Amino acid sequence: MNNITLNDLLNEIKSYNPEEVEIIKKAYLYAERLHSGQVRQSGEPYITHPLNVAYILSEMHADRDTVCAGLLHDTLEDTDITKEEIAQSFNQNVANLVDGVTKLSKLNFSSKQDQNYANTRKIITGITEDVRIIIIKLADRLHNMRTLEFKSAFKQKENSLETMEIFVPLAYYIGAYRIKSELEDLSLRYLKPDMYKKVEEQKLKIEESSIDCLGEMLCKIEKILKDRNIPNEIKVRTKNIYGIYKRLNEGHKLSDIHDLLSLKIMVDEIENCYKTLGIIHNEYHPINDKFKDYICNPKTNMYMSLHTTVFGPDDRLVQTQIRTFDMDKIASFGLTAYWDYQKGKARDVMQEDLKKKFQFFKSLTEINSMFGDNQEFVNQVKNELFADRIYAYTTKGDIIELPKGATVIDFAYKLDADIANTMVGVFVNDEYVPIDYVLQNKDRVRIVTDDLSFGPRKDWIDKAHTSLAKKKIREFNKNNE
Ligand code: MN
């Protein structure tokens with residue numbers, strides 16, 4: 001996909017938004033004229049960069065203004081045009097988006113440490129203002145990472161680190177898995193080139209040796225689904241290189257990674273997801289503890305799917321992921337797919353909606369309101385949001401997402417402040433535990449409350465891990481002094 005042309009972009013737009021082709025073409029010609037004479041370090045005309053960024057956005061089915069802003073995203077910084085002129089030629093939305101992206105990148109060139117923290121904070125909190133700015137920034141970063149070979153060795157490492165620390169978690173949080181896994185692989189390639197090569201070779205070998213096995217399964221399942229009149233599409237997917245590297249690094253053996261190979265099975269509706277699951281378990285023996293129902297329990301970034309790992313032909317472990325076509329869109333593009341469904345809704349309404357649906361937004365707003373200092377803010381986000389996560393269950397089966405190291409106190413405050421403030425005891429997996437018990441993945445938590453309790457003691461603050469819990473405990477103690 002190296003030589004994207006204007007026609008490729010327009011064809012992509014035509015496939016989901018045919019009435020907007022003309023304005024996208026106008027934005028391209030506009031940007032081309034403004035950047036004329038400028039070249040990238042690769043020697044290519046500069047316009048290839050915004051064109052690729054816009055193409056990545058169109059693959060995500062981004063809306064018209066977002067794609068226009070993708071084409072124009074470097075014009076404010078690199079040419080003589082002004083925000084007002086963009087607003088006149090297009091509209092205020094496009095001008096605001098371009099301006100937002102420019103403000104993010106401008107700070108990038110500062111070498112002062114504190115300004116870097118300010119920049120990082122801007123990038124991270126930008127998501128709560130207009131998430132489209134971040135999506136454009138992610139597309140921009142993705143194309144820059146794809147063309148990183150033309151930069152100096154120092155820049156390569158620096159950009160890769162920043163990508164892993166900031167952009168990969170952001171892509172995960174908005175559910176943009178495709179961008180996330182490509183960014184991870186590109187970063188690893190520059191950060192640990194030898195490792196990257198080694199894992200890449202291993203991955204190729206596995207893919208080669210499993211082609212027959214997967215093909216056989218694919219044909220068999222496809223045929224059964226067809227006989228049952230279940231509309232479907234099946235694709236083979238292998239874990240990305242970074243994903244394999246991470247597991248190996250945690251001490252797993254290659255042969256133990258159960259989701260190395262997957263069959264992605266897409267069907268028309270939810271009911272047929274479960275029918276398909278039955279069909280697969282009937283044909284292939286499942287591994288009990290590898291079954292996951294993310295349809296009943298969606299991930300906090302709205303990912304939905306049924307996962308089951310089975311013994312395929314030749315006793316090979318194969319993971320199958322079963323979901324509807326709509327769920328697949330969200331699995332690949334996350335929030336932007338959601339954006340697509342909600343077409344026409346006011347931006348404010350959608351941002352509000354996101355805060356309700358994505359736990360991440362809420363936590364971020366919380367941290368942002370608590371830390372004035374940029375460095376403290378960035379560190380807290382890294383510890384609390386970008387670190388490894390654990391998932392614990394409420395008694396109703398709802399999932400609460402928490403940073404690794406979180407205690408029962410954090411769980412309680414995330415669940416409900418009133419419950420937390422009257423908490424007198426806790427059962428985890430039916431056993432009584434102290435309230436500073438550190439939660440593990442899949443723990444089931446039952447909180448015992450008593451309206452007559454004295455409320456949270458001050459020393460709970462030190463036993464809590466998240467900003468939310470600490471803040472609520474402080475508030476309670478202030479109000480009851
Ligand atoms: Mn750019």
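Here are a few exercises, with worked solutions, on the predicted model above.

**Exercise 1. The metal site**

Work out which residues coordinate the manganese ion, and how they are spaced in sequence.

*Solution.* Start at the metal and look for donors. The manganese ion is held by NE2 of H49, NE2 of H73, an OD atom of D74 and an OD atom of D140, at 2.2 to 2.5 Å. Next, read those donors along the chain: the pattern is H-x23-H-D-x65-D. Now pick out H49 and D74, a pair that links distant parts of the chain, 25 residues apart. H49 belongs to helix α3 (residues 48-59), while D74 lies in the loop between α4 (64-72) and α5 (75-78).

Are H49 and D74 buried or exposed? The cut-off for buried is under 20% relative accessible area. H49 comes in at 1%, so it is buried. D74 has 7%, so D74 is buried too.

**Exercise 2. Two helices at the start**

Describe how α1 and α2 pack, beginning with the angle and the distance between their axes.

*Solution.* First, get the numbers: helix α1 (residues 6-16) meets helix α2 (residues 21-34) at an angle of about 155°, and the axes are 10 Å apart. Then turn the angle into a word. Anything over 145 degrees counts as roughly antiparallel, so that's the label for α1 and α2. For the handedness, α1 passes α2 in a right-handed crossing. Finally, list who does the touching: α1 brings L6, L9, L10, I13 and K14, and α2 brings V21, I24, K25 and Y28.

**Exercise 3. A hairpin further along**

Find out in which sense β6 and β7 pair, and what sits in the turn.

*Solution.* Take strand β6 (residues 389-393) and follow its bridges to β7: there are 5, and the pairing is antiparallel. One spot to check is Y391, which stands opposite E401 in β7. The two strands make a hairpin with 5 residues between them, and G397 in the turn shows a positive phi of about 95°. As for cover, β7 (residues 399-403) has 4 of its 5 residues buried.

**Exercise 4. One residue in the hairpin**

Place I390: which strand holds it, what does it touch, and how far is it from H49?

*Solution.* I390 is part of strand β6. Its relative accessibility is 4%, so I390 counts as buried. Leaving out residues up to four places away in sequence, I390 touches I400, E401, L402, P403 and K404, plus L439, Q440 and N441. To tie this back to the metal site, compare with H49: I390 and H49 are 341 residues apart along the chain, and their C-alpha atoms are separated by 38 Å.

Methods:
Residues numbered from 1 in each chain as written. Predicted model: local features only at pLDDT ≥ 70, side-chain atom pairs only at ≥ 80, totals over all residues. Heavy atoms only, no water. Donors = N, O, S within 2.8 Å, 3.2 Å for Na, K, Ca; no water. Buried < 20%, exposed > 50% of the residue type's maximum accessible area, 1.4 Å probe, protein only. Pairing = 2+ DSSP bridges. Axes fitted to C-alpha atoms, helices over the stretch in contact; angles between N-to-C directions. Parallel < 35°, antiparallel > 145°, perpendicular 65-115°, else oblique. Left-handed = near helix turned anticlockwise from the far one by under 90°. Contact = heavy atoms within 4.5 Å.
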